[in-house]
Amino acid sequence: MTSWAASWAKAPPHTDPIGTLADEHEFLTAGLTQVACAACTTEVLVRKASRRQTSIQWRSSPADSCPEFAARVAAGELSARIDTCPRLREAIEEAVAAGALAVPDD
Ligand SMILES: [Zn+2]
């Protein structure tokens, strides 16, 4: 029986579902991590002050670079609570889950 060998050969290669985040990670000083929005590819610098607190540094005007954000601004929804588009927030959460974005313990 050599079927086990065949199944080994068919084993999938190492996969990294969020490899795009990991590949582009640039750990800058001051704990800022580059995260790209999955929807609009806007790149921002993110720092987690705690599990709940996320600081986002836009390198360009959000309304110019992110369609989601622009739509919210146009709809008059922009407020202090909206600091990122939902897709970017998801990307940030994925970065945290992947360990690419450090979250200090409280
Ligand atoms: Zn976006």
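Two strands count as paired if DSSP finds at least two bridges between them. In this predicted model, strands E2 and E3 meet that condition, because they pair in the antiparallel sense over five bridges.

## The sheet

Strands of a sheet pair through backbone hydrogen bonds, and the pairing can be either parallel or antiparallel. Here, three strands form an open sheet in the order E1-E2-E3, and their pairing is antiparallel. Strand E1, covering residues 33-36, and strand E3, covering residues 54-58, are the edge strands, each of which pairs on one side only. Neighbouring strands of this sheet are turned against each other by 40° on average when direction is ignored.

On one side of the sheet, E1 and E2 pair in the antiparallel sense over four bridges. Thr 33 has Val 46 in E2 as its bridge partner, while Ala 36 stands opposite Glu 43 in E2. The hairpin of E1 and E2 has six residues between the strands, and in this hairpin Thr 41 takes a positive phi near 60°.

On the other pairing, a hairpin joins E2 to E3 through five residues. Val 46 stands opposite Ile 56 in E3, and Leu 45 stands opposite Gln 57 in E3. Val 46 can therefore be followed across the sheet, because DSSP bridges define the pairing: Thr 33 is its bridge partner, and Ile 56 in E3 stands opposite Val 46 as well.

## The helix across the sheet and the core

Helix H5 lies across E1, E2 and E3, and runs at about 130° to E1. Which residues touch the most other members of the largest nonpolar core? Among the 15 residues of this core, they are Val 35, Val 46, Leu 88 and Ile 92. Strand E2, residues 43-48, and helix H5 each supply at least two residues of this core, and the largest share, four residues, comes from H5.

One residue of the helix is Glu 90, which lies in H5, residues 86-98. Glu 90 is partly exposed, with a relative accessible area of 44%. Although Glu 90 and Cys 37 are 53 residues apart in sequence, they are 8.1 Å apart in space, taken from C-alpha to C-alpha.

## A buried threonine and the cysteines

Thr 42 lies in the loop between E1 and E2. Is Thr 42 buried or exposed? With a relative accessible area of 6%, Thr 42 is buried, because buried means under 20% relative accessible area. Leaving aside its neighbours within four places in sequence, Thr 42 is in contact with Val 35, Ala 36, Cys 37, Trp 58, Ser 65, Cys 66 and Leu 88.

Two cysteines appear in that list of contacts of Thr 42, namely Cys 37 and Cys 66. Cys 37 counts as buried at 3% relative accessibility, and Cys 66 is also buried, with a relative accessible area of 2%. A search of the whole structure nevertheless finds zero disulfides, so no pair of cysteine sulfur atoms lies within 2.5 Å.

## The salt bridge

Side chains of opposite charge can pair when their charged atoms come close. How many salt bridges does the structure hold? The structure holds one salt bridge, in which the side chains of Arg 59 and Glu 43 meet at 3.6 Å, from N to O. This pair counts as a salt bridge because the cut-off from nitrogen to carboxyl oxygen is 4 Å. The pair links distant parts of the chain, 16 residues apart, with Arg 59 in the loop between E3 and helix H3 (62-65) and Glu 43 in strand E2.

The table sets out the accessibility of residues discussed in this report.

| Residue | Relative accessible area | Class |
|---|---|---|
| Cys 37 | 3% | buried |
| Cys 66 | 2% | buried |
| Thr 42 | 6% | buried |
| Glu 43 | 29% | partly exposed |
| Glu 90 | 44% | partly exposed |
| Arg 59 | 48% | partly exposed |

Both partners of the salt bridge, Arg 59 and Glu 43, appear in the table: Arg 59 is partly exposed at 48%, and Glu 43 is partly exposed at 29%.

Conventions:
Residues are numbered from 1 along each chain as its sequence is written. This is a predicted model: local features need pLDDT of at least 70, side-chain atom pairs count only at pLDDT 80 or more; totals for chains, interfaces and linings use all residues. Side-chain values use heavy atoms; hydrogens and water are left out. Buried means under 20% relative accessible area, exposed over 50%, partly exposed in between (1.4 Å probe, protein chains only). A nonpolar core is a set of buried Ala, Val, Leu, Ile, Met, Phe, Trp, Tyr and Cys residues joined through side-chain atoms within 4.5 Å. Axes are lines fitted to C-alpha atoms, for helices over the stretch in contact, and angles run from 0 to 180 degrees between N-to-C directions. Contact means heavy atoms within 4.5 Å.
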